[in-house]
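Work through the following exercises with the sequence and the coordinates open beside you. Each task is followed by a solution that proceeds step by step.

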Amino acid sequence: MKKLNKPTTEPKTPKLVFIRWNDAQAFSGWRTIDETLAEEACEVWTAGWLLGESEFDYFVSTSIHEAQHNATMQVPKGCVISIKEIKY
């Protein structure tokens with residue numbers, strides 16, 4: 001495992017955020033149309049470092065170190081219910 005060096009300067013820290021959003025779902029097996037249409041969206045809660053955003057997406061990472069990040073999610077803005085900054 002590569003050892004990470006200690007920062008030599010204070011890096012710009014992204015905002016820590018909590019996002020509520022509706023995830024896409026897939027169904028398998030035989031079902032009626034009524035059964036499928038009765039499904040509700042799956043609300044997901046994601047907390048992490050907001051690395052940035054594009055016109056359509058937020059990019060949130062669970063871990064950061066200087067200019068690197070790990071375990072990053074791309075959350076479509078159209079699925080977002082709310083996004084709040086976590087103060088620490």
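**Exercise 1: a threonine in its strand**

T46 is found in strand β2, which spans residues 42–53, and the model in which it is examined is a predicted one.

Task: decide whether T46 is buried or exposed, and determine which side chain makes a polar contact with the side chain of T46.

Solution. Begin with the relative accessible area of T46, which is 8%; because buried means under 20%, T46 is classed as buried. Next, turn to the polar atoms: the side chain of T46 makes a polar contact with the side chain of W21, at 2.9 Å. Finally, set aside the neighbours within four places in sequence, and T46 is found in contact with V17, F18, I19, W21, V60 and M73.

**Exercise 2: the nonpolar core**

Task: establish which residues make up the largest nonpolar core, and which element gives the largest share of this core.

Solution. The core has 8 residues in all, namely V17, I19, W21, V44, L50, Y58, V60 and V75. Two or more residues of this core come from each of β1 (15–23), β2 and β3, and the largest share, 3 residues, is that of β1.

**Exercise 3: the sheet**

Task: state in which order the strands form the open sheet, and which strands lie at its edges.

Solution. The 5 strands follow the order β4-β3-β2-β1-β5, with antiparallel pairing. The edge strands, each pairing on one side only, are β4 (68–76) and β5 (80–85). At the β4 edge, 8 bridges join β4 to β3 (residues 57–65), and H65 has Q68 in β4 as its bridge partner.

Terms used. Residues are numbered from 1 along each chain as its sequence is written. This is a predicted model: local features need pLDDT of at least 70, side-chain atom pairs count only at pLDDT 80 or more; totals for chains, interfaces and linings use all residues. Side-chain values use heavy atoms; hydrogens and water are left out. Two strands pair if DSSP finds at least two bridges between them. Helices (H or I, at least four residues) and strands (E, at least two) are DSSP runs, numbered from the N terminus. Buried means under 20% relative accessible area, exposed over 50%, partly exposed in between (1.4 Å probe, protein chains only). A polar contact is a pair of N or O atoms within 3.5 Å; within protein, one must be able to donate a hydrogen and the other to accept it, and residues adjacent in sequence count only if both atoms are side-chain atoms. Contact means heavy atoms within 4.5 Å. A nonpolar core is a set of buried Ala, Val, Leu, Ile, Met, Phe, Trp, Tyr and Cys residues joined through side-chain atoms within 4.5 Å.
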